[in-house]
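Please examine the aromatic side chains in the structure shown below and the contacts that they make.

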Amino acid sequence: MDAFFASVEQRDEPELRGKPVAVGGSSGRGVVAAASYEARRYGVRSAMPSVTAQRLCPDLIFRKARFDVYREVSQQIRAIFHDYTPLVEPLSLDEAYLDVTEDLRGLGSATRIAQDIRRRIREDTGLTASAGVSYNKFLAKLASDENKPDGLCVIRPGEGANYVAGLPIKRFHGVGPKGAEKMARLGIATGADLARMDLAFLRAHFGSFADYLYRASRGIDLRQVRAHRNRKSVGGERTFHEDLSNPTDLREAMDRIVDIVWERIENARAVGRTVTMKLKYNDFTLMSRATTLSRPVADKADFGRLGHALLEDALPLSRPIRLMGLTLSKLDGAQPSTDAGGDGAQLALF
């Protein structure tokens, strides 16, 4: 979806259309959750502090996030996906992989399927979506970002290696800013540079990540679309309006976070054994502590006790914090994944 949260706000409030809009808190501690394309022209991006966004774009209009609405729209869109294939792997509320090898509606090609899905989304929700069509997940993901907003890009069989060769290395999924800096020091700036490195060199410098990089630089991705993915963790965090350092304030904040996260744990029907606390200091450095039980966390009281124990272990803090979070992981009893396997012929791309 194109600027999903912001686009929903512009759809539901027509006077916002054509104006720079950010979803998130506008206070000094607020963070941009999403930015419209009008705002992005000024350099406003998601995860940017709101004060920075307002400095870049003085006319920026903020709207509070309405996640219930976004989830409802997301479910509406996923229902459209399932009219074309049962093999849908959601990545977030606004993004998913679809395996359309089996042409359920007889449209004749993956490109026509993508065009029809985009048409349905526009007609049913009033929103626009961009699609990437290719013969593996890595290339389809890259293609989906190529012609945003409201665009379509197709990478045909045999074109993957050439397409990837010209990309800056930061476009590779999983390569963050620090990874890109490391690669630059090694003389790797593009996909072509990466493809020139042999596997032994990549393993020496990138360990287990090397095999992915080696294949990706050649346009190869063996992952299947998984209709069901096991949830690895359930958590939540809060950014405070003012820095906290007083132990009483910190304990009260922990109580509120336990309430928030435990509701999510119950909704997800998650059962886990590891509780992790995250603190972000006022200089933006992070600290985390975790504890793992030999048994599942029993209930909310048990979860809260573990969270408070982690907090007490960190006290007294070396400096005030701006954020606190809790996560439950090592989940048991998750629904098994369903692969998109099968021996059917590959559907034509165009």
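The following paragraphs treat the aromatic pairs first and then the charged groups placed over rings.

The model is a predicted one. Across the whole structure, a search finds nine aromatic pairs. One of them joins Phe5 and Phe67, whose ring centres are 5.5 Å apart with 90° between the planes, an edge-to-face arrangement. Because Phe5 belongs to helix H1 (residues 4-12) and Phe67 to helix H4 (residues 67-81), this pair ties together parts that are 62 residues apart in sequence. The two partners can also be described by their accessibility. Phe5 has a relative accessible area of 15% and is therefore buried, the limit being under 20%. Phe67, at 38% relative accessibility, counts as partly exposed.

Phe5 also pairs with Tyr70. The centres of the rings of Phe5 and Tyr70 lie 4.3 Å apart and their planes meet at 5°, so this pair is stacked; planes under 30 degrees apart fall into that class. The pair again links distant parts of the chain, with Phe5 in helix H1 and Tyr70 in helix H4, 65 residues apart. Phe5 and Tyr70 are both buried. Taken together with Phe4, the residues Phe5, Phe67 and Tyr70 form one aromatic cluster.

Aromatic rings in this model also have charged side chains placed over them, as two examples show. The charged end of Arg40 sits over the ring of Tyr37, at 4.4 Å from the ring's centre. Arg319 lies over the face of Tyr281, 4.1 Å from the ring centre.

How values were computed
Residues numbered from 1 in each chain as written. Predicted model: local features only at pLDDT ≥ 70, side-chain atom pairs only at ≥ 80, totals over all residues. Heavy atoms only, no water. Phe/Tyr/Trp six-rings, centres within 6.5 Å; stacked < 30°, edge-to-face > 60°. Helix = DSSP H or I, 4+ residues; strand = E, 2+ residues; numbered from the N terminus. Buried < 20%, exposed > 50% of the residue type's maximum accessible area, 1.4 Å probe, protein only. Lys NZ or Arg CZ within 6 Å of the ring centre and 35° of its normal.
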